[in-house]
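Q: Got a minute to go through this one with me? I'd like to start with the strand pairing and then hop around a bit.

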Amino acid sequence: MSSCLARLSRKLLLSATLLLGAVANANAGLFCSDAPFNGVVDGSQRAELGGSYAGTVADPFPTQITIDQDCTFVNFSASNPLTATLNFQTNDPSVYLITFNNVIFTGNMACANIDHRIWFVNGADYGSKNNCQDLFIPVEAINKQNPPGVTTVGIGEPFTYTLTIPVLYDPVSGTYINNFGSANDLHSITIIDDLNATGADLTVVGTPTVTWVGSGAAVPHTFTDNNGLLTFDINPAANPGIIIPAGDQIQIEITVVADDTNTIGTQFINTATWEFGRLIEIDGVPTFFDPLPGENGVTPPLTIGGPNLVVTKSNPDTAINIGATTTFTIDVQNIGGSSAWDTTVLDLLPDTADVGMCDFDPTATVTAQVFAADGITPVSGVLAQGTDYSVSYTGAPTCELSFTMLSPQAAIGPTERLIITYQSELDPDTTIAGDGVQLINIAGATQYYSADETPGINRITFNNTLTDGSPTVNDFQDRHVITAALSGYLFQKTAQNVTTGEFPALTAAPGDTLRYRVRLFNFTEIIDNVTFNDTLDPAFF
């Protein structure tokens, strides 16, 4: 009772002093318990009203605030800092909890000899002052992380946030001091993740999971998604006794997708806020406080990225003779910020009246694989034709080889390369007039997507049209030139399956009619006394 009378007499004395002072000093000092504070001093109210506090406290804002009860300071930004001196009452021996939540504090704190406890969270800044910092309490925090190694995400490409709760945070040093839980039982936990406040348009995919770290067992909870405002209640009515015991942790996984309303290049962060109840030792006595604001979980920035494919076509040979086979390589590198999915690569093979590379179907010779940026280190295994990608060939007069990637293994991540190889050769009806002709081959990535095809999720399509191969520009297409160098002679035998129409024929069934053609083509040699001898294999005929 004596301490209460002392506190009351202190307040009456200060009030009398204020009444006797000049009007300009009428608001020099107030108690935390005074109206309109009533224990909560909210800087956003002052900022919104141009300096006055909720319109009930005259300007200027109090230069001194006396701590006479548990007191909370909240929402004082860098442009609207808390400048008041906070006084501890020497004639009131009571110990109180002083909470700073999102506060830039540039004033002073007269600690006196009273061991008030200070709860400092969520960007609160005490500047360079060292006084009173021994009163700060380590606080429980959320460790919120992006997917490991991910700095960019594609539109329509799901990714998962992971929240580990709790970890212990030291507000004085600004470091995490224990990543394996708290020394305190946590009660009545509510976690809020507002996807609308990230700076990007995000949508939840599926239902988030809440599990115990270690066992992986589900944690009883309630979850609501109110148009992107996600709320997790770890004290649902159906499970009123559930807590996070000291030394234990829970993990929340939230899978989201960047909507197609986003702009490529947008940077965003995600913040999870929370509150809970726990014991804090006040003057040697464990005292339960509920709710307490926890240290928020804030992710590192992510950027909305998009794929950007650059194509290079190459061949080890500068010239090719009739009858020879040569290997072409199409290198598709993603220099963009997110993966390229379901990529279509089109290759236009050359064909002229005298020489070309259009009659040979190369689909059986194709290989495809995804590599790291060095083009050597495999990212995928050798892709399976028909499963990981499809390939088709259309002969003369179109002369078009087409590849379409089908599976996640064929997606091209940032900096990665899809490398396709195939073999081809000159047309068998090449004439001597084709000698020295430069055969121009154009290949390019004509279509790809920002994400895998998923029902209910929109992705962006990137379309390109092949032109001249853009020989001087690194872009989605490239051209390759190989010269027809006709020399010597060619002796060739081909078969046509008359029954099926296949030419050149690679298969025949019993009863099929075959027509063989034997051809001697002389480019530069002198040939006399030519004799043809063709013996059918008696083992089959």
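Q: OK, which residue is the bridge partner of Gly29 in E3?
A: That's Gln64. Keep in mind that this is a predicted model.

Q: How many bridges join E1 to E3, and which way do the two strands run?
A: Three bridges, and the strands run parallel. E3 covers residues 64–67.

Q: What sheet are they part of, and what's the strand order?
A: An open sheet of four strands, ordered E1-E3-E5-E7, with parallel pairing. The edges are E1 (29–31) and E7 (109–110), each of which pairs on one side only.

Q: Switching to E26. Which strands does E26 pair with in the antiparallel sense?
A: E24, residues 309–314, pairs with E26 over six bridges. E31, residues 417–425, pairs with E26 over nine bridges.

Q: Any residue pairs I can click on?
A: Sure. Leu309 has Asn334 as its bridge partner in E26. For the E31 pairing, look at Ile330, which stands opposite Ile420.

Q: Is E26 mostly covered or mostly open?
A: Mostly covered: seven of the ten residues in E26 (325–334) are buried.

Q: Remind me, how do side chains go along a regular strand?
A: They alternate between the two faces of the sheet.

Q: New topic, the surface. Which residues gather in a patch of negative charge?
A: Asp115, Asp134, Glu281 and Asp283.

Q: Where does Asp134 lie?
A: In the loop between E8 (117–121) and E9 (139–145).

Q: And why does Asp134 count as exposed?
A: Because its relative accessible area is 66%, and exposed means over 50%.

Q: What about nonpolar surface, which residues make a patch there?
A: Leu514, Tyr516 and Leu536 make one of about 260 Å². Leu514 is in strand E36, residues 514–522.

Q: Is Leu514 buried or exposed?
A: In between, really. Leu514 is partly exposed, with a relative accessible area of 32%.

Q: Now the backbone oddities. Which peptide bonds are cis?
A: One joins Asp290 and Pro291, with omega about 5°. Another runs from Ala396 to Pro397, with omega near 5°.

Q: Where do those prolines sit?
A: Pro291 is in strand E21, residues 285–293. Pro397 is in the loop between E29 (389–394) and E30 (400–405).

Q: What else is in that loop between E29 and E30?
A: Cys399 is there. Cys399 isn't a glycine, yet its phi is positive, about 55°.

Q: Is Cys399 buried or exposed, and why?
A: Buried, because its relative accessibility is 1% and the cut-off for buried is under 20%.

Q: Which residue has a positive phi near 50° without being glycine?
A: Asp342. You'll find Asp342 in strand E27, residues 341–348.

Q: How covered is Asp342?
A: Asp342 is buried, with a relative accessible area of 13%.

Q: Last one: where is Thr461, and how far is its C-alpha from that of Tyr448?
A: Thr461 lies in strand E33, residues 461–463. The C-alpha atoms of Thr461 and Tyr448 are separated by 6.1 Å, and the two residues are 13 apart along the chain.

Q: Buried or exposed, that Thr461?
A: Neither. Thr461 is partly exposed, at a relative accessible area of 36%.

Technical notes. Residues numbered from 1 in each chain as written. Predicted model: local features only at pLDDT ≥ 70, side-chain atom pairs only at ≥ 80, totals over all residues. Heavy atoms only, no water. Patch = residues over 30% accessible without salt bridge, like charges linked within 9 Å, V, L, I, M, F, W, Y side chains within 5 Å. Areas by Shrake-Rupley, 256 points an atom, 1.4 Å probe, with all protein chains shown as cover. Salt bridge = Lys/Arg side-chain N within 4 Å of Asp/Glu carboxyl O. Lys, Arg positive; Asp, Glu negative; His and termini not counted. Charge placed at Lys NZ, Arg CZ, Asp CG, Glu CD. Buried < 20%, exposed > 50% of the residue type's maximum accessible area, 1.4 Å probe, protein only. Pairing = 2+ DSSP bridges.
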